[in-house]
Amino acid sequence: MSAVILDFSKTLDPYFDDLFSDAEGYVAVSYGDAPNKAVFYEWPAEKGKFLADAAKHNATTNVFFCPALRQTTDTTPEGGLSAEVSKPVEPMSCLWLDVDYLSDAGEPKAVDQILLRRLVSKGAWRSRSGRSAMIDGRRVWNEHDILPLAEAVDLATHQRLNKDLKNAVGADHAQSHVKWLRVPTFTSYKPVLPHPREVMITARPTERWTVDELEALIRPQGSPRRATKRRQGTGTTGRQRRSETRVTSLLRRYASEGGNRSDQFHGVVLAGVEDGVSLDRLAELLAGHVVSERFEREGRFQEMLEKSAEQATTPPDAVPVRKLRVVRASSVKARRQKWLWTDRVPTGALCLLGGREGSGKSTVGVDLAARVTRGEVEGEYHGVPRSVIYVATEDAWEYTLVPRLIAAGADMERVLFVEADEAGETDNVNLPTDNEQMTELIKSEDVGLVVLDPILSALDPDVDERQQRKLRRALEPINTMADEAACAVLGIVHFNKRQDSGDIGVMISGLLVWSQVCRASMAMVKHPEEPDQFVLSNGKNNLAPPTTPSLQGRTVEHWVNTDEGQTRTSKVEWLGESPLSVSDILAPPKSEKPRSAIDRWLTGLLTEHEGGVPATEVYRLGDEHNPPFSERSLQRALKRIEGTSDRPDGYQGKVVWSLDVEELT
């Protein structure tokens, strides 16, 4: 994934320079609905004229070119190319593929997309034209791939490699050195006959292929990527069905049981690849199955199928040796905690801002961002304006965020909206996948605050918020990124749907890992007596004093000017400190009667003993009760009835549970 759109300053120079290098000859070009009559440009003398003419014709019609330079301008009587008349320039420095995903009748062709993905991910120029086949979540009709070679080869070697490569992938088998390919373009869409399509470069090579590397990849011994050809009378169909036994067995089992559907999906693909089931057949078997529902719903079915199959055919790296490392405390230098917002939002760490839907979390996030850009936040950078990265997925930039930022008085030059670009398609920022690029951006743009609104949408798509271990592995690298970049990260989250408990950590999203991994958290709720106001309090914040006061504010309507007239938005007005905290507001009301049998039993026991009951005795009596009460249930009941747990005889004494009878009555 790249955070920068593929852009070559609107020129195809790098594309053709890689293809033709410093060779000399003639580029054969054809303009029209189909390649026929060749027009020649001398390379490299007429390179500029060739690119200019191609760009001009590309606006109205197809532009084809032959990827092999010609020695002369000789053509057939019809003006075309042929192996007998038109000789290519040797040696040749690239291979190329013409991959059609659909037949002329619209039927899918057998293409080894795993092999194709490996070829392109290492070293290839990939250009795709769109129509009606869904590949990687996009409509693709065909693609052209240029593979630069580390060393140029003669025509015979070139023909052999190109033929083996095309056979392995399932590409067009036309004679390679008289092949016509389409010239890519940089515009997003062109109405080109006979089929409206876009021809876009979606990948560029990172390194060049050696002949040995290609031969090892496209002709491996016993490779499961080879799809079995079905020949009449050979019994192939029966063998193919037998190879699917494990896959169909797994699918039947997973249909009737729960579990992690992503892991089950990967397990099915792994079994299929190991047993020699083709990728196309796996797609048929998995389509519509419960293990594929999520990926189909998100439009990522084909992408995840290819990734899982690629992992299955990739040999695992050697397992690293695990050793313990000792660091003496004397070698670790103490560091001072820095605050972006004093005692509320620390720098170098992830801080959460939680609240109910509609409580104004995003507006407060925008207000903090605006004050950071002006250098008006009480903290480390007071008086020093800093830039802000705002990653937002729920609110539109132009209709919601920009008007709010203007209303909050932000320095708009210092607010950076960030999204990702992958293969020409826009995507959300995915953390921790994009951590490295984000860290570089934070440092280069002097960023003091990153706002993730909401944070769940900024996490990698494979992260399941319901699984504590996976969530922890996603959040911890964000803390590391914040520390390395000396920046504060504010993640906006929703309260879960549980009944209000008064514990901010429990209320945030549903798993304690949120408050465990994050260094600090804040929460905001509506004021119980002033519906148009809110209260903001610290939640978990081991770095700040517990006496940090809560704040009270309100969101007010504000009108801002746009090029299309005025638009209504909102901004924050701070009203000072609040005597109420979020925990006070969220805490359940005191009840005159306990809410359950265990509450009533424990209340009666502690009421009878004004001096309290040792915890061990409470546990023993609870265990003897019918039905028995567990220690954990008793501890929760003590908290509900607002009892106390203390050591009246000092640190070495017994733990005694007691209840304030006067307060109870």
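This passage describes aromatic contacts and two helices in a predicted model. Local features need pLDDT of at least 70 and side-chain atom pairs pLDDT 80 or more, while totals for chains, interfaces and linings use all residues. Residues are numbered from 1 along each chain as its sequence is written, and side-chain values use heavy atoms, without hydrogens and water.

The structure contains 12 aromatic pairs (rings of Phe, Tyr and Trp, the last by its six-membered ring, with centres within 6.5 Å; planes under 30 degrees apart are stacked, over 60 edge-to-face, the rest tilted). W341 and W574 pair edge-to-face, at 6.1 Å centre to centre and 70 degrees between the planes. The pair joins strand β9 (residues 339–341) to strand β21, 233 residues apart; strands (E, at least two residues) and helices (H or I, at least four) are DSSP runs, numbered from the N terminus. W341 is buried at 9% relative accessible area, and W574 is partly exposed at 29%. Buried means under 20%, exposed over 50%, and partly exposed in between (1.4 Å probe, protein chains only). R371 lies over the face of W341, 4.9 Å from the ring centre. For such a contact, NZ of Lys or CZ of Arg is within 6 Å of the ring centre and within 35 degrees of the ring normal.

Ring pairs also link F16, F20, Y41, W43, F50 and F65 into a cluster.

Helix α4 (residues 155–169) has 15 residues. Its first and last C-alpha atoms are 21 Å apart, close to the expected 21 Å (1.5 Å times one less than the number of residues). Buried residues of α4 include H158, L161 and D164. G170, just after α4, takes a positive phi of about 95 degrees.

In helix α13 (residues 397–407), T400, L401, P403, R404, L405 and A407 are buried. G409 follows just after α13 with a positive phi of about 80 degrees.
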